[in-house]
Amino acid sequence: MRIVIIEDNEALANAVAYRLRDRGHAADVLTDGTEADRFLSREGADLVILDINLPGRMGLEILKTMRERGNSTPVILLTARSETSDRVAGLDSGADDYLVKPFEMDELEARIRALSRRKHLEYGNHHRIGRVDFDRTARLARAQGEVLEIPRRQLAVLECLLERRGRIVSRAQLMDHVYGIGADVEETAIEPHVSRLRKQLAAHGVVIRTARGLGYLIEAAP
């Protein structure tokens, strides 16, 4: 799954992201409420982990705005508050679950698994395109049963393109996915990864097209 973590405690957010990536998920981290609201308005996600207390926009404001936009993405609220009234306010605002800090990572994972079953989400995704099968849980790409030797960052490019299959993916989106949001890296750094991945996948019925000035699009070869 692609999971968005919105938490202003960077150490906690990164720890959660590390654990989820280790389990084969894609994880985006945001620490500012206003930036997170913009991100969710333009990006897709399978699940959101959302802190209530945030700089910029508060978590409950973000949640209400999501639901008003018709965004039904499952949301787990995180907060240090334990009062019943806060839990009720979060659930009434459209949250699917609620976790009080501090919490154990095992409990968070259990909540995610439970939500994935309730919402019929794929906890471990497989993407098939052309003759390539990408297993997000194992972090492996195979073609006709053979494992393709694809470096980690190129695998991240492939994952990002497959998540948005049928849509153009901008350089900025790829940069955020591969290097993390706000990374001090030039956008041109993504081009060699796309180029090498394109050459490798071409032999297996997969095309990565360039939409000049817009980004990239992945599709099966005609």
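**Exercise 1. Backbone exceptions**

Locate Gln-144 in the secondary structure and state what sign its phi has.

Solution. In this predicted model, Gln-144 sits in the loop that joins β8 (140-143) to β9 (146-147). The next step is the backbone angle: the phi of Gln-144 is positive, at about 55 degrees, although the residue is not a glycine. As a background rule, most residues other than glycine have a negative phi, and most peptide bonds are trans. The second half of that rule leads to another site, where the peptide bond from Lys-101 to Pro-102 is cis, with omega near -5 degrees. Pro-102 belongs to the loop between β5 and α5.

**Exercise 2. The five-stranded sheet**

Give the strand order of the open sheet of five strands, and explain why β2 and β5 each have one side without a neighbour in the sheet.

Solution. Reading across the open sheet, the order is β2-β1-β3-β4-β5, and the pairing is parallel. Since β2 and β5 (97-100) stand at the edges and each has a single partner strand, one side of each is left without a neighbour in the sheet. Between neighbouring strands of this sheet the turn is 20 degrees on average, with direction ignored. At the β5 edge, β4 (residues 75-79) pairs with β5 in the parallel sense over four bridges, and the bridge partner of Thr-79 in β5 is Val-100. Finally, helix α5 (residues 105-118) lies across β1 (2-6), β3 (47-51), β4 and β5, and runs at about 180 degrees to β5.

**Exercise 3. Overall dimensions**

Decide what the radius of gyration of the protein chain says when it is set against the value for a compact globule.

Solution. The protein chain contains eight helices and 11 strands. For 222 residues a compact globule would have a radius of gyration near 17 Å, and the 18 Å of the protein chain therefore agrees with that expectation. Along the principal axes, the C-alpha trace spans about 60 × 35 × 30 Å.

**Exercise 4. The largest pocket**

Describe the volume of the largest pocket, and then its lining by element and by residue class.

Solution. The largest pocket holds about 600 Å³ of space. Its lining comprises 25 residues, and those nearest the centre are Arg-21, Ala-27, His-177, Val-178 and Gly-180. Turning to the elements, α1 (10-22), β2 (26-30), α6 (152-163) and α7 (171-179) each contribute at least two residues to this lining. Sorted by class, the lining of the largest pocket has 10 nonpolar, six polar and nine charged residues.

**Exercise 5. The enclosed space**

Determine how many cavities of 30 Å³ or more the whole structure has, and which residues line the largest cavity.

Solution. The search returns one cavity of 30 Å³ or more in the whole structure, and the volume of the largest cavity is about 40 Å³. Lining the largest cavity are Arg-2, Asp-28, Phe-39, Glu-43, Arg-164, Gln-173, Asp-176 and His-177. By class, these residues divide into one nonpolar, two polar and five charged. The element that gives the most to this lining is α7, with three residues. His-177 links the last two exercises, as it lines the largest cavity and is also among the residues nearest the centre of the largest pocket.

How values were computed
Residues numbered from 1 in each chain as written. Predicted model: local features only at pLDDT ≥ 70, side-chain atom pairs only at ≥ 80, totals over all residues. Heavy atoms only, no water. 1 Å grid on protein atoms, 1.4 Å probe; cavity = no way out; pocket = protein on both sides within 12 Å on 5 of 7 lines; lining within 4 Å. Points joined across faces, edges and corners; volume = space filled by probe spheres on them. Nonpolar A, V, L, I, M, F, W, Y, C, P; charged D, E, K, R; others polar. Pairing = 2+ DSSP bridges. Axes fitted to C-alpha atoms, helices over the stretch in contact; angles between N-to-C directions. Contact = heavy atoms within 4.5 Å. Rg over C-alpha atoms; globule rule 2.2 N^0.38 Å.
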